[in-house]
Amino acid sequence: MAANKPAAAGPHKLEMGAFQPCVWGDFFITYNPPLSQSSEMRMRERAEQLKVQVRALLEDSKNRSVADAVTLVETLERLGINNHFRGEIGTVLRHVLNEEPEFPASSDDLHIAALRFRLLRQHGFWVSADIFDKFKDQTGNFSTSLCSDLVSLLSLYNAAHLATPGEDALSDVIVFSRYHLEAMRNKLRPPMAEQVSRALDIPLPRTVRRLETMHYIKEYEKDESNNGPLLELSRLDFELVRSLHLKELRALSLWWRDLYDNVKLSYARDRLVENYFWTCSVFHEEEYSRARLMFAKTFGLLSLMDDTYDVHATLEDCYKLNEAIQRWDFLQNNSAYLGQSLN
């Protein structure tokens with residue numbers, strides 16, 4: 001808070017216009033979505049047909065190897081379409097958990113072991129990190145033959161970031177795999193060069209899933225072994241969700257312009273689009289549209305309140321506003337309790 005002067009000295013004001021103006025202007029208000037209503041309907045119909053095929057793949061994966069099952073689940077997640085198959089994916093992963101395969105100490109199996117470990121932990125299934133011990137020699141170090149296996153190292157690096165507090169062995173795995181990935185970084189070709197670079201910047205379990213999907217679709221379509229229905233569904237879904245995001249941004253931009261311009265808030269940050277991007281990094285799926293709108297508005301108002309404190313408020317004003325907010329919480333809690341009692 002910037003209110004450093006005594007209350008009696010009057011409001012402590014920052015220099016007006018200290019924040020850079022919004023770079024987006026009226027772009028999202030005037031932007032015309034590329035999808036017409038009829039084309040969107042056709043895309044949705046085709047997507048439903050493809051979902052039937054993908055569900056059949058997931059059903060069949062229960063009768064196949066652990067490697068095939070976890071590879072399919074990872075592909076669905078990186079293509080950004082796993083939210084359409086939550087129940088089926090949960091069934092597949094429970095099957096994978098119960099299989100408890102014995103992995104020989106080879107590089108190919110390290111990749112699958114790491115992939116299995118990461119996916120199970122991401123979905124809330126506990127699996128011990130002891131699975132990686134069999135890939136180490138008598139000195140407790142990973143075999144030297146694994147140090148040049150890019151795919152296994154990358155899978156191991158991403159998996160180790162699912163460590164829980166106290167799992168020091170996985171912290172050592174991160175150091176080990178990162179060291180060797182960094183050593184190979186400038187010698188790689190696409191698409192592995194881009195995947196390694198992204199992971200070293202932000203590990204896969206922590207990355208913004210929507211951005212990863214945008215990159216991975218382009219990489220997957222160049223893979224000669226890609227699955228046609230998965231690729232087509234991911235493209236359709238990406239465009240449909242993007243169209244919805246643009247509609248939400250237009251509605252939010254109109255709301256914010258009415259608040260920001262008409263109420264004369266030029267002293268505050270004009271960062272609604274950035275707030276909305278944050279919400280998309282948390283939940284980008286279609287079914288969370290209402291939540292995104294609510295979060296973006298809430299963060300916009302919090303940002304506005306913060307700047308109002310900094311620019312206009314004295315210390316006495318800050319205390320009064322804080323007291324008012326605390327009373328609001330008290331009234332809200334009591335209103336909720338009263339509502340439950342009446343019901």
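The legends below describe a predicted model in a series of close-up views.

Local features are reported only at pLDDT of at least 70 and side-chain atom pairs only at pLDDT 80 or more, whereas totals for chains, interfaces and linings use all residues. Residues are numbered from 1 along each chain as its sequence is written, and side-chain values use heavy atoms, with hydrogens and water left out.

**Figure 1. The chain as a whole comprises 13 helices and zero strands.** Helices (H or I, at least four residues) and strands (E, at least two) are DSSP runs numbered from the N terminus. Along the sequence the pattern reads α-α-α-α-α-α-α-α-α-α-α-α-α. Of the 343 residues in the chain, 41% are buried; buried denotes under 20% relative accessible area, exposed over 50%, and partly exposed the range in between (1.4 Å probe, protein chains only). Contacts are heavy atoms within 4.5 Å. Among contacts between residues at least 6 apart in sequence, 70% join residues at least 24 apart.

**Figure 2. The largest nonpolar core has 62 residues.** A nonpolar core is a set of buried Ala, Val, Leu, Ile, Met, Phe, Trp, Tyr and Cys residues joined through side-chain atoms within 4.5 Å. The residues with the most contacts inside this core are Leu58, Leu76, Phe117, Phe132, Phe142, Leu181 and Leu230. Helix H5 gives the most to the core, with eight residues. Because domain 1 (36–227) and domain 2 (235–339) both give residues to it, this core lies between them; the domain bounds come from an automatic or database domain assignment. A second, separate core of 17 residues includes Ala268, Leu272, Val273 and Tyr276.

**Figure 3. Leu230 and its contacts are shown.** Apart from neighbours within four places in sequence, Leu230 is in contact with Val54, Leu57, Leu72, Thr75, Leu76, Leu79, Ile81 and Tyr220.

**Figure 4. Phe142 and Phe176 form a stacked aromatic pair.** The structure holds 11 aromatic pairs. In this one the centres are 5.0 Å apart, with 20 degrees between the planes. The pair links distant parts of the chain, with Phe142 in the loop between helix H5 (107–122) and helix H6 (150–160), Phe176 in helix H7, and their positions 34 residues apart. Rings of Phe, Tyr and Trp (its six-membered ring) pair if their centres lie within 6.5 Å; planes under 30 degrees apart count as stacked, over 60 as edge-to-face and the rest as tilted. Both Phe142 and Phe176 are buried. Elsewhere, Trp278, Phe283, Tyr288, Phe295 and Phe299 form one aromatic cluster.

**Figure 5. Helix H7 (168–184) precedes a loop that contains Pro191.** The 17 residues of H7 reach 25 Å from the first C-alpha to the last, close to the 24 Å expected at 1.5 Å a residue; the expected span is 1.5 Å times one less than the number of residues. Buried residues of H7 are Leu170, Val173, Ile174, Phe176, Ser177, His180, Leu181 and Met184. The loop with Pro191 leads to helix H8 (192–201). The peptide bond from Pro190 to Pro191 is cis, with omega near 0 degrees. Most peptide bonds are trans.

**Figure 6. In helix H9 (residues 209–221), span and expectation agree.** Its 13 residues should span 18 Å at 1.5 Å a residue, and its end C-alpha atoms are 18 Å apart. The buried residues are Arg210, Glu212, Thr213, Tyr216, Ile217, Glu219 and Tyr220, and their cover includes H3, H8 and helix H10 (228–262). The charged end of Arg210 sits over the ring of Phe238, 4.0 Å from its centre. A charge sits over a ring if NZ of Lys or CZ of Arg is within 6 Å of the ring centre and within 35 degrees of the ring normal.

**Figure 7. Lys51 and Asn82 both count as buried.** Lys51, in helix H2 (residues 37–61), has 10% relative accessibility and therefore counts as buried. Not counting residues up to four places away in sequence, Lys51 touches His84, Phe85 and Leu233. Asn82 lies in the loop between helix H3 (66–78) and helix H4 (86–99) and, at 11% relative accessibility, is likewise buried. Leaving aside neighbours within four places, Asn82 is in contact with Leu76, Glu77, Ile89 and Arg209. The C-alpha atoms of Asn82 and Ser234, 152 residues apart along the chain, are separated by 9.6 Å.

**Figure 8. Val92 is a buried residue of helix H4.** Its relative accessible area is 2%. Beyond neighbours within four places in sequence, Val92 is in contact with Leu58, Ser61, Lys62, Ala69 and Val73.
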